[in-house]
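Let's take a walk through this fold together, one helix, one sheet and a few side chains at a time. Have the viewer open and follow along as we go.

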Amino acid sequence: MKIKRVIVLASIICLFFTACQPTPSNEPIRNKGSGAFEEALLVEMPDDSDYTVPSTWEELIELKNSNVNISASIEIPNESTHAVLTIEQRLFSADDLEMILNSLYPDVLGVREAGTSREDLLEDLYLIQRGIFVGYDENTGEPLYESYENKEEEIARIESELEQLTGDTQYENLSDDAYDLPCNRVFMDSENGKIYVRGSQKSLAITRDREIIIQPERWVLEGDAYPGEMPHTLENISIDETSALSEVENMLYDLGLEYLSPASVEKARILSQMNEVLSEGWMITCSRDDGFDMPIDLQTLSKNTVLDLTDACTYTLIWSPEQLTVFVDATGIRAFYWDYATRVSSVVNSNVQLLPFQNIQQIIRDTIKYGLSWTESSSNIADEVLITRIVLTYCTQKAKDQAVTEAYYAPVWIVFVTTDAEKQLGIAPGIIAISAIDGSIVSLV
């Protein structure tokens, strides 16, 4: 779907990285292997301390084959305390799914397994017969599709299922096992509207449309958001941003999820598997907000393509940060995705001592030099690196010998990194994360 986007990004990366990169030669970045992070977690901020930072940072760092232009806003929460929490994974249950469905769509009447209706089977048959998108014809520019292994067997199976269908699709009355996980089911409301639910203990997807793709406007502006589509803006959004946000905030309140807050808001659309635009509206992503942080959608931001920070992180998470993404249009909540739910298990420190910002600035300088040290032996002059924004927020952070299912939720500085070339192509900034407690590089994987 985004073949062109992937190719462009790969081309940019090739401009920065030679085929054989040397090992960074600067002093290694500190990591959590020394135990300093675990010790620093317990140090409290003195009562008379006032953590202050400048509002902006302007600086030019000149390297051998690259310049780094720091022209960044510095953002911190209004809250004066900075707690450290322990959070753990929370698995979804049938009760969770029932509660969410009853809140979003209170008039659900029946249920069936997905993929069993004539409409579903005909859509699957069309997609299988079309084949897999592989590129464009060099002469006509038309999209090309190819067959694949076992295609004929799948066509025969679906045609056989279609022959066996008799009458209208039957929905069963709701029972105790209708919400059991894992599931791939279709619920029906009082107006015969369909609600598609795919769920497991770690992920819930609830949508008004079957097998959809949500595309932010920035993808559409690049062109080829689906094969052959020209770049354009989304002009058919009939709900304003404020109303969409209000819809999501009311939803979070009704579901008892006040610890989540909107972290990013983008114009977006819903696209079917057949490349039909089903709706235009707003994609709103929510992240943890426990009252003392500034939520940032870390999942949406691109991985950093400029700095080589290989082996900078010793301990990495094996589970992704909690994220709830909602698509809102004039009809209300049209798509709901909730992944990797967490809960607070303990408060480690109600107000941890943070490194002075001048220390963080030096760590950022060292990190940048370390991450760009590969350019010293490169024959190419790298594009100017831009640091545009630095935000004090929170994220999950792993420590030595910590249980697999838990992590610390602690203050972190997020540094937005990009280049002129990436900005011109509309590519989201890369980010690096630096612990506000001990200055170590934090894994966002």
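Thr242, Tyr253 and Asp254 are exposed, and they sit on the face of α7 that is turned away from its buried side. This is a predicted model, so every value here is computed from predicted coordinates. On the buried side of α7 you will find Ala244, Leu245, Val248, Met251 and Leu252. Looking down the helix axis, these buried residues stay within an arc of 120°, and so they line one face of α7. What lies over them? The cover for the buried residues of α7 includes helix α3 (94–104) together with strands β12 (260–271), β13 (277–288), β15 and β16.

The geometry of α7 itself is easy to check. The helix runs over residues 241–254, and because each of its 14 residues is taken at 1.5 Å, the expected span is 20 Å; the end C-alpha atoms are indeed 20 Å apart, which agrees. At the start of α7, aspartate 240 places a side-chain oxygen within 3.1 Å of the backbone nitrogen of threonine 242. After the helix comes glycine 256, with a positive phi near 70°.

Now turn to the sheet, where four of the covering strands can be found again. Ten strands form an open sheet with antiparallel pairing, in the order β7-β4-β8-β9-β10-β16-β15-β13-β12-β11. Its edges are β7 (172–173) and β11 (213–216); each has a single partner strand, so one side of each is left without a neighbour in the sheet. Further in, strand β15 (residues 323–329) and strand β16 (residues 332–339) are joined by seven bridges in the antiparallel sense. As a point to pick out in the viewer, glutamine 323 stands opposite aspartate 339 of β16.

Strand β16 also takes us to the aromatic rings. How many aromatic pairs does a search of the whole structure find? The count is eight. In one of them, the ring centres of phenylalanine 92 and tryptophan 338 are 4.8 Å apart and the planes meet at 65°; an angle over 60 degrees counts as edge-to-face, so that is how this pair is classed. The two partners come from distant parts of the chain, 246 residues apart: phenylalanine 92 is in the loop between β3 (84–89) and α3, while tryptophan 338 is in strand β16. Are these two rings' residues buried or exposed? Phenylalanine 92 counts as buried at 2% relative accessibility, and tryptophan 338 is buried as well, with a relative accessible area of 1%. Elsewhere, ring pairs link Trp57, Phe357 and Trp413 into a cluster.

For another link across the sequence, go to threonine 169, in the loop between α5 (151–164) and β7. Threonine 169 is partly exposed, with a relative accessible area of 34%. Leaving aside residues up to four places away in sequence, threonine 169 touches Arg112, Ser117 and Arg118. From arginine 118 it is 51 residues away in sequence, yet the C-alpha atoms of the two are 7.6 Å apart in space.

Finally, step back to the whole protein. Its secondary structure comes to nine helices and 20 strands, and 49% of its 445 residues count as buried. Among contacts between residues at least 6 apart in sequence, 73% join residues at least 24 apart.

How values were computed:
Residues are numbered from 1 along each chain as its sequence is written. This is a predicted model: local features need pLDDT of at least 70, side-chain atom pairs count only at pLDDT 80 or more; totals for chains, interfaces and linings use all residues. Side-chain values use heavy atoms; hydrogens and water are left out. Two strands pair if DSSP finds at least two bridges between them. Helices (H or I, at least four residues) and strands (E, at least two) are DSSP runs, numbered from the N terminus. The expected span of a helix is 1.5 Å times one less than its number of residues. Buried means under 20% relative accessible area, exposed over 50%, partly exposed in between (1.4 Å probe, protein chains only). The arc is that of the directions from the helix axis to the C-beta atoms. Contact means heavy atoms within 4.5 Å. A polar contact is a pair of N or O atoms within 3.5 Å; within protein, one must be able to donate a hydrogen and the other to accept it, and residues adjacent in sequence count only if both atoms are side-chain atoms. Rings of Phe, Tyr and Trp (its six-membered ring) pair if their centres lie within 6.5 Å; planes under 30 degrees apart count as stacked, over 60 as edge-to-face and the rest as tilted.
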